[in-house]
Amino acid sequence: VPYGKRVVPGTKMLEIDETEMVFVTLARQLRAQGVTLRAIAAELDRQGYHSRNGKPWLSPQIARMVA
């Protein structure tokens with residue numbers, strides 16, 4: 001399931017996850033400003049936004065989010 005989305009219980013449909021969309025939006029804004037994927041990951045970590053597994057962000061995760 002892409003970051004910023006979640007599966008609607010009992011279905012195969014996706015809906016927006018407002019909590020995750022906060023950091024997805026931030027990541028996309030930073031990328032549009034030319035910030036590197038690594039720097040975006042560091043900024044998300046600095047602001048306390050964690051990946052789903054609770055670990056620090058990795059560049060490939062950020063690349064999928066901003067694609």
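## Close-up views of a predicted model

**View 1. Glutamine 61 sits in helix α3.** This is a predicted model, and our tour starts with a single residue. Is glutamine 61 buried or exposed? Its relative accessibility is 9%, under the 20% cut-off, so glutamine 61 counts as buried. Look for Tyr3, Ser51 and Pro56: glutamine 61 touches these residues, once neighbours within four places in sequence are set aside.

**View 2. Helix α3 has buried residues on one side.** Gln61 has company here, as Ile62 and Met65 of α3 are buried too. These residues span an arc of only 95° around the axis, so they lie on the same side of α3. What do the buried residues of α3 pack against? Their partners are α1 and α2.

**View 3. Helix α2 shows a buried face and an exposed one.** Take a moment to follow α2 through residues 37-46 and find Ile40, Ala41 and Leu44, which are buried. Seen down the axis of α2, the buried residues fall within an arc of 100°, so they line one face of the helix. Their cover includes α1 (18-32) and α3 (59-66). Now turn to the face pointing away from the buried side, where you will meet the exposed residues Arg38 and Arg46. After α2 comes glycine 48, with a positive phi near 85°.

**View 4. Arginine 46 is an exposed residue of helix α2.** Why does arginine 46 count as exposed? Its relative accessibility is 60%, and exposed means over 50%, so arginine 46 qualifies. Proline 56 makes a handy landmark: arginine 46 and proline 56 are 10 residues apart in sequence, and 9.7 Å separates them in space, C-alpha to C-alpha.

**View 5. The largest nonpolar core brings 12 residues together.** Which helices each supply at least two residues of this core? They are α1, α2 and α3. The largest share, 5 residues, comes from α1. You have already met some members of the core, including Ile40, Ala41, Leu44, Ile62 and Met65. Others to find are Tyr3, Phe23, Val24, Leu26, Ala27, Leu30 and Trp57. The picture fits a general pattern: in soluble globular proteins, nonpolar side chains tend to be buried together.

**View 6. Leucine 26 is one of the core residues.** Which residues does leucine 26 touch, leaving out those up to four places away in sequence? The contacts are Leu44, Gln47 and Tyr49. Leu44 is a familiar name by now, since this residue is among the buried ones of α2.

How values were computed. Residues numbered from 1 in each chain as written. Predicted model: local features only at pLDDT ≥ 70, side-chain atom pairs only at ≥ 80, totals over all residues. Heavy atoms only, no water. Buried < 20%, exposed > 50% of the residue type's maximum accessible area, 1.4 Å probe, protein only. Helix = DSSP H or I, 4+ residues; strand = E, 2+ residues; numbered from the N terminus. Arc of directions from axis to C-beta. Contact = heavy atoms within 4.5 Å. Core = buried A, V, L, I, M, F, W, Y, C linked by side-chain atoms within 4.5 Å.
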